[in-house]
Amino acid sequence: CFCHFLASPAACDVDPYQVDLVPSIMNNLLNPDAIFSNNEMSLSDIEIYGFDYDYTLVFYSKHLHTLIFNAARDLLINEHRYPVEIRKYEYDPNFAIRGLHYDVQRAVLMKIDAFHYIQLGTVYRGLSVVPDEEVIEMYEGSHVPLEQMSDFYGKSSHGNTMKQFMDIFSLPEMSLLSCVNEYFLKNNIDYEPVHLYKDVKDSIRDVHIKGIMYRAIEADIEKYICYAEQTRAVLAKLADHGKKMFLITNSPSSFVDKGMRYIVGKDWRDLFDVVIVQAEKPNFFNDKRRPFRKVNEKGVLLWDKIHKLQKGQIYKQGNLYEFLKLTGWRGSKVLYFGDHIYSDLADLTLKHGWRTGAIIPELRSELRIMNTEQYIQTMTWLQTLTGLLEQMQVHRDVESQLVLQEWKKERKEMRDMTKNFFNAQFGSLFRTDQNPTYFLRRLSRFADIYMASLSCLLSYDVSHTFYPRRTPLQHELPAWSDGARAPAPAPAPGSACAPLREAHGD
């Protein structure tokens, strides 16, 4: 396309940018084990470290999501009387990504950006993509009004028709919803999408509540839990520096005990000053009425009143307000880590001033993709095309307009290619075509720092200060980097070094 452009009148205004940025970028790759900062924070100010359990202290193998999918699918058949034929569907780990929205009434799964716009090409009904024209007709454009979006915790309640799936455990739920929708659609079966959503949600919940998942993991812990000696190394490092530590999890006592014995050791309780199980987050952070109950060595709940949270003991339920009263651990001297942006982090940072750290396992794989030469070359040329379109749109002659149309077509193809680097259906967890995803918007608001796993802490001193990068605002860009969008004579060169380094996906 660029060669054709050289023959057009618009070419007279082009000052080709001759520097090949790809080699320089390849020598300055992103670190998948780094900790990224949304808000300046010094670990020297942190005296108390808190942790969630699932996907924070412990990580699970790929077998777990298959287990959850199969168990919930069987519950649909056996308890909700769904057709036995849905048993033919199996869990596909490559179908969905976290952070997607599900329109409960229309039965469509989609990716939405930080401005409530749907990324066209990522809307799925069942296992099939919905054509862009149908999406635009369905929503009278591609914008989802605020009143239709999910509520504060990502749920579809109080009139909200969207549900946002933020939990890593929700990946099999999205897949099961899509598979059952697919079966009904392919077989021309009339059904109520709201009922399907509720039945799938209840079945996934029952896999947890009825103990199906917990019993399976405890019975074959080596199959389901990824042993990580670095978890103990992180906890030991913090303990050696005199830091207080606590655990607040929704998982049951015996399940947590067996998992922690496996990944940390039988003395794991000695590392924690307070352990709270079955906390029922996020209610734990808001409901002031539920008192703590002590759990004895046999897992029996005791009835005595709790006046102090003692080291070495396990407590059930309770609430954050009582926790703060009994421990005195308040404000910015506390840093809490969790994987669920809403249930683990939102209330803590907004209402109580705790510092928060998000564990995003997907981050490591996305950064590795971004470090590949193919991705860097594609993004560099994509940014160059965008700059060319912006600068050359002033040329209104027919020949120039034809070239510009070719560039727009090529830009769309490049965007689709970039999306496919991460996930063929939905792309990156962090970006739509050009905007941050709604997931990243919430991550940026509720997490002071984020990382792929707790092991990333081992690379930093306990007094390290995290400084967020000062990225130029849109109105600051011309003054800061006039060459940021200078045109290039071929796809290999590019001028998008700064935007590319900040990008987190497609």
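Biologist: At what angle do the axes of helix α6 (residues 193-209) and helix α7 (residues 212-219) cross?

Modeller: Axes here are lines fitted to C-alpha atoms, for helices over the stretch in contact, and the angle runs from 0 to 180 degrees between N-to-C directions. In this structure, a predicted model, the axes of α6 and α7 cross at roughly 45° and come within 4 Å. That makes α6 oblique to α7, given that angles under 35 degrees count as roughly parallel, over 145 as roughly antiparallel, 65 to 115 as roughly perpendicular and the rest as oblique. As for what is accepted, this predicted model requires pLDDT of at least 70 for local features and 80 or more for side-chain atom pairs, while totals for chains, interfaces and linings use all residues. Residues are numbered from 1 along each chain as its sequence is written, and side-chain values use heavy atoms, with hydrogens and water left out.

Biologist: Which residues of α6 and α7 meet?

Modeller: A contact means heavy atoms within 4.5 Å. Asp206, Val207 and His208 of α6 meet Ile212, Met213 and Tyr214 of α7. By class, this contact holds four nonpolar, one polar and one charged residues, where Ala, Val, Leu, Ile, Met, Phe, Trp, Tyr, Cys and Pro count as nonpolar, Asp, Glu, Lys and Arg as charged, and the others, Gly among them, as polar.

Biologist: How many helices and strands does the protein have?

Modeller: Helices (H or I, at least four residues) and strands (E, at least two) are DSSP runs, numbered from the N terminus. The protein has 18 of each, helices and strands. Of its 506 residues, 56% are buried, where buried means under 20% relative accessible area, exposed over 50%, and partly exposed in between, with a 1.4 Å probe and protein chains only.

Biologist: What is the order of the strands in the open sheet of nine?

Modeller: Strands of a sheet pair through backbone hydrogen bonds, either parallel or antiparallel. Two strands count as paired if DSSP finds at least two bridges between them. Here the order is β1-β17-β16-β15-β3-β11-β12-β14-β13, and the pairing is mixed. At the edges stand β1 (36-37) and β13 (292-295), each with a single partner strand, so one side of each is left without a neighbour in the sheet.

Biologist: Which residues of strand β3 (residues 48-51) lie on one side, and which on the other?

Modeller: Ile48 and Gly50 lie on one side and Tyr49 and Phe51 on the other; all are buried, and both faces of β3 are thus covered. With strand β11 (residues 244-248), β3 pairs in the parallel sense over four bridges, and there glycine 50 stands opposite phenylalanine 246. With strand β15 (residues 334-338), β3 likewise pairs in the parallel sense over four bridges, and isoleucine 48 stands opposite valine 334.

Biologist: Where is isoleucine 46 found?

Modeller: Isoleucine 46 is in the loop between β2 (41-42) and β3, and at 0% relative accessibility it counts as buried. Its C-alpha atom is separated by 5.7 Å from that of valine 334, although the two residues are 288 residues apart along the chain. Not counting residues up to four places away in sequence, isoleucine 46 touches several residues, including Lys243, Leu335 and Arg355.

Biologist: Which residues have the most contacts inside the largest nonpolar core?

Modeller: A nonpolar core is a set of buried Ala, Val, Leu, Ile, Met, Phe, Trp, Tyr and Cys residues joined through side-chain atoms within 4.5 Å. The largest one has 155 residues, and those with the most contacts inside it are Phe272 and Phe323. Helix α3 (residues 63-79) supplies the largest share of this core, nine residues. Leaving aside neighbours within four places in sequence, phenylalanine 272 is in contact with, among others, Phe51, Phe246 and Met260.

Biologist: Which residues does a cis peptide bond join, and what is the phi of alanine 107 and of glutamine 317?

Modeller: Most residues other than glycine have a negative phi, and most peptide bonds are trans. A cis peptide bond joins lysine 281 and proline 282, with omega about 5°, and proline 282 sits in the loop between β12 and β13. Alanine 107 has a positive phi, near 60°; this residue lies in the loop between β5 (101-103) and β6 (108-110), and at 3% relative accessibility it counts as buried. Glutamine 317 also has a positive phi, of about 60°, but is found in strand β14 and is partly exposed, with a relative accessible area of 23%.
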